[in-house]
Amino acid sequence: MRERSGTPNLHELDAGHFLHTGSQAPQNLAAHLDNQVPVESPRAVSRTSESDPAKHGEQHEGQHYNIPLQDLKAVFPHGLPPRFVMQVKTFNEACLMVRKPALELLHYLKNTNFAHPAVRYVLYGEKGTGKTLSLCHIIHFCAKQDWLILHIPDAHLWVKNCRNLLQSTYNKQRLDQPLEASIWLKNFKTANERFLSQIKVQEKYVWNKRESTEKGSPLGEVVEQGITRVRNATDAVGIVLKELKRQSSSGIFHLLVAVDGVNALWGRTTLKREDKSPIAPEELALIYNLRKMVKNDWHGGAIVLTLSQTGSVFKPRKAFLPQELLGKEGFDTLDPFIPILVSNYNPKEFESCIQYYLENNWLQHEKAHTEDGKKELLFLSNTNPGQLERLCAYL
Amino acid sequence: MWKGGEDGKPPRKAGRREPRLGPHSWILRLRHTTVVSTKKNIAALRRETYTLDFIKKQIEEFNIGKRHLANMMGEDPETFTQEDIDRAIAYLFPSGLFEKRARPIMKHPEQIFPKQRAIQWGEDGRPFHFLFYTGKPSYYSLMHEAYGKILDVEKHQNQLRAQGLFSEKTKTKDLIGSRWLIKEELEEILVEKLSDQDYAQFIRLLERLLTLQRGGAEEEFVQRFRRSVTIQSKKQLIEPVQYDEQGMAFSRSEGRRKSAEAEAVVYAHGSGRVSVNGTDYLLYFPVTQDREQLMFPFHFLDRLGKHDVACTVSGGGRAAQAGAIRLAVARALCTLVTEEEVEWMRQAGLLTADLRVRERKKPGQEGARRKFTWKKR
């Protein structure tokens with residue numbers, strides 16, 4: 001497809017040679033870091049040794065930091081996008097890029113006033129710009145800071161493709177989703193083990209004739225009950241949310257509510273009842289409880305939300321603005337919030353990403369490390385992180 | 001011995017009275033048969049021979065018709081050229097036929113009727129040409145002439161050498177822009193069939209003549225058999241010069257592919273941003289293949305991040321729109337780029353419009369090519 005008729009590519013040989021020697025001898029060049037152009041020391045540009053998100057600042061922008069794999073399993077049992085999980089498995093390391101929207105959010109979170117009602121932050125942007133990974137960065141930070149993390153990996157999973165819907169025992173009008181709820185409870189348990197014994201329930205909950213949870217028992221019991229008795233899983237989730245909301249104001253822990261694809265909570269579902277009548281999101285117990293969580297009538301934490309068109313139902317492909325994706329109802333409910341735009345890579349971040357792939361020997365094409373190759377990738381992906389990742393997978 | 005008729009064949013009998021064969025041939029039946037006998041006259045079908053008188057009459061008719069046509073179109077009959085005739089006929093008889101050769105034409109009879117040999121022998125049966133019995137008189141006379149010229153030139157050279165005025169300079173005329181006649185063209189000139197060896201021999205003779213030092217007359221003789229080859233379809237591109245707007249230099253052009261039409265505006269200085277119908281090209285073309293099509297002209301010329309493009313496209317499908325934009329962008333880049341690079345682009349095929357269109361479905365078949373399932377019984 002790329003045919004040439006005798007045009008000599010002058011840049012190829014020079015740049016290839018240049019960068020090749022550069023990446024082979026980082027030790028010599030690291031000493032000259034300050035006086036020379038970043039291109040000459042690629043390792044310094046694409047990576048940073050700072051693995052604590054709390055200490056990330058402007059100087060780390062565009063660089064990848066490493067998350068140890070045990071942390072990964074503890075903090076993100078279910079939160080990472082599937083392609084990223086594959087990348088982690090391939091490279092045997094998890095590296096996230098520090099980017100400006102995440103840095104901005106970190107700054108806000110560090111300065112949160114826990115006496116005020118929880119502030120809502122909404123990450124929005126075009127498809128593939130890195131909203132979910134920015135959310136993961138924030139979650140890692142909060143985990144390091146010992147917050148309690150309430151992470152719903154993808155709210156769209158709760159409004160489509162659900163097989164078993166039971167009528168809720170608690171409220172006859174609502175519907176239960178036992179499978180999704182139990183899966184979420186399992187992951188929640190893995191993520192927040194240490195809090196489950198500390199937090200005590202403040203009410204008595206009766207499950208059925210034989211089982212009940214007494215007042216003052218740890219939250220872990222409720223979670224266990226939900227996992228073992230799948231029929232009551234949705235109610236268990238509801239209880240967890242209610243308790244956490246009530247007790248976050250007390251100050252024992254800070255609560256981070258992180259929801260990916262929050263536009264699923266308002267809008268339409270693809271689920272239907274047996275008589276083929278459509279179900280509105282309010283009629284799903286999980287959604288109903290989650291909506292209560294996202295309201296800012298509690299304090300002691302923060303709410304970070306992400307909009308997503310990728311998994312959404314009945315939304316046009318090109319919609320990415322909060323107004324379009326949330327609809328009037330959602331927008332009014334979430335208003336006021338702080339919108340944070342996540343955009344494509346700027347040149348420095350792009351360069352850093354390519355360097356990272358090169359270091360891990362992910363790009364096998366011989367033109368990949370040349371200037372021309374980079375320009376091609378830039379044009380083809382238009383600096384969109386998702387597209388770039390998919391393109392590089394073929395090289 | 002029958003007297004040689006006009007075309008050198010035995011005269012045909014006219015008006016047979018009875019059929020040649022038949023079970024009841026003894027019944028005399030008055031039958032009006034046509035002039036052509038029932039047996040197929042293969043000789044007549046071989047070549048439609050036109051007599052000289054016939055051709056002359058056609059030429060007169062053509063000239064008169066040309067004057068009539070000029071009067072009809074309101075132009076001067078004296079200065080009415082063949083191009084004017086063509087234009088007038090296309091105007092008066094508009095035809096929608098795709099095959100250009102099937103449309104109505106009005107050309108000089110020389111170009112319409114194939115060339116034929118005049119009668120080769122006289123009243124007494126004796127041929128005119130001394131080489132008639134070789135079977136290819138004009139070819140052999142041409143070879144004779146060429147060899148005669150070679151001998152003349154050699155004799156001249158020997159004379160000069162004897163006088164001591166011989167100079168070794170061999171002026172090599174520019175043979176690059178021309179080529180030898182091909183065999184078909186030579187056959188057309190000589191109105192005879194040649195074999196490959198004959199043709200090769202003739203070309204060898206001419207080349208031998210070229211190696212010798214020759215004068216003007218020989219040069220002219222050789223040039224009769226060379227055709228120029230520079231019409232290489234190189235200069236067929238219309239490139240409007242770029243114009244300015246708000247101080248920014250840009251160039252606009254169109255492209256088409258399979259019912260998709262695109263118009264592209266390429267700015268001379270930019271950062272590589274492309275917007276299609278107002279939206280970013282990443283959103284408009286989610287498929288990588290389409291973006292690669294857009295990238296091709298820039299990548300080929302090594303100008304990936306240097307131009308901004310704003311284009312509009314409509315019609316067609318996803319790949320057709322991408323192809324149309326690519327053609328429009330390549331054409332627009334012609335104005336902003338050197339001539340050499342334009343030639344490279346043309347050779348790479350960036351400037352050729354792709355005229356593949358959907359083939360129509362034919363009756364009796366399921367699709368354009370697919371036939372119905374064939375069942376043996």
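Which residue takes a positive phi in the hairpin of β4(B) and β5(B)? Hold that thought until the hairpin views; everything shown here comes from a predicted model.

**View 1. The β4-β5 hairpin of chain B.**
The turn has two residues between its strands, and B:K258 is the one with a positive phi, near 55°. On either side of that turn, β4(B) and β5(B) (residues 260-267) run antiparallel and are joined by eight bridges. To get your bearings along the ladder, look for B:E254, whose bridge partner in β5(B) is B:E263.

**View 2. One hairpin back: β3 and β4 of chain B.**
Here β3(B), residues 243-245, pairs with β4(B), residues 248-257, in the antiparallel sense, this time over three bridges. B:D244 has B:A249 in β4(B) as its bridge partner. This hairpin also has two residues between the strands, and B:Q246 takes a positive phi near 55°.

**View 3. Strand β11 of chain A, covered on both faces.**
β11(A) spans residues 301-306, and six of its six residues are buried. Side chains in a regular strand alternate between the two faces of the sheet, and both faces are covered in this case. One side carries A:G301, A:I303 and A:L305, while A:A302, A:V304 and A:T306 sit on the other, and all of these are buried.

**View 4. The strands that pair with β11 of chain A.**
Two parallel pairings are in frame. β10(A), residues 255-260, pairs with β11(A) over six bridges, and A:L255 stands opposite A:G301 there. β4(A), residues 119-124, pairs with β11(A) over five bridges, with A:R120 standing opposite A:I303. Pull back a little to take in helix α12(A), residues 285-294: together with β10(A) and β11(A) it makes a right-handed β-α-β unit.

**View 5. A three-stranded open sheet in chain A.**
The strand order is β1-β2-β3, and the pairing is mixed. β1(A) (47-48) and β3(A) (94-97) are at the edges with a single partner strand each, so one side of each has no neighbour in the sheet. β1(A) and β2(A) (residues 64-67) run parallel and are joined by two bridges. For a landmark, pick A:T48, whose bridge partner in β2(A) is A:Y65.

**View 6. Where chain A meets chain B.**
Chain A puts 21 residues into the contact and chain B puts in 24. An interface's size is often given as the accessible area lost when the parts come together. For chain A and chain B the buried area is about 2,300 Å², with carbon and sulfur atoms giving 56%. Don't go hunting for salt bridges between the two chains: the count is zero. Polar contacts do turn up, in seven residue pairs across the interface (both residues at pLDDT 80 or more). On the chain A side, the elements giving two or more residues are α15(A) (371-381) and α16(A) (385-394). α15(A) supplies the largest share of that side, seven residues.

**View 7. B:Q120, a buried loop residue.**
B:Q120 lies in the loop between α4(B) (109-112) and α5(B) (137-163). Is this glutamine buried or exposed? B:Q120 counts as buried, because its relative accessibility is 17% and the cut-off for buried is under 20%. Leaving aside residues up to four places away in sequence, B:Q120 touches B:P127, B:F128, B:F132 and B:P137.

Terms used: Residues numbered from 1 in each chain as written. Chains lettered and ligands numbered in written order. Predicted model: local features only at pLDDT ≥ 70, side-chain atom pairs only at ≥ 80, totals over all residues. Heavy atoms only, no water. Buried < 20%, exposed > 50% of the residue type's maximum accessible area, 1.4 Å probe, protein only. Helix = DSSP H or I, 4+ residues; strand = E, 2+ residues; numbered from the N terminus. Pairing = 2+ DSSP bridges. Right-handed = clockwise from strand over helix to strand, strands pointing away. Contact = heavy atoms within 4.5 Å. Buried area = accessible area lost by both parts, 1.4 Å probe. Salt bridge = Lys/Arg side-chain N within 4 Å of Asp/Glu carboxyl O. Polar contact = N/O pair within 3.5 Å; in protein donor to acceptor, adjacent residues only side chain to side chain.
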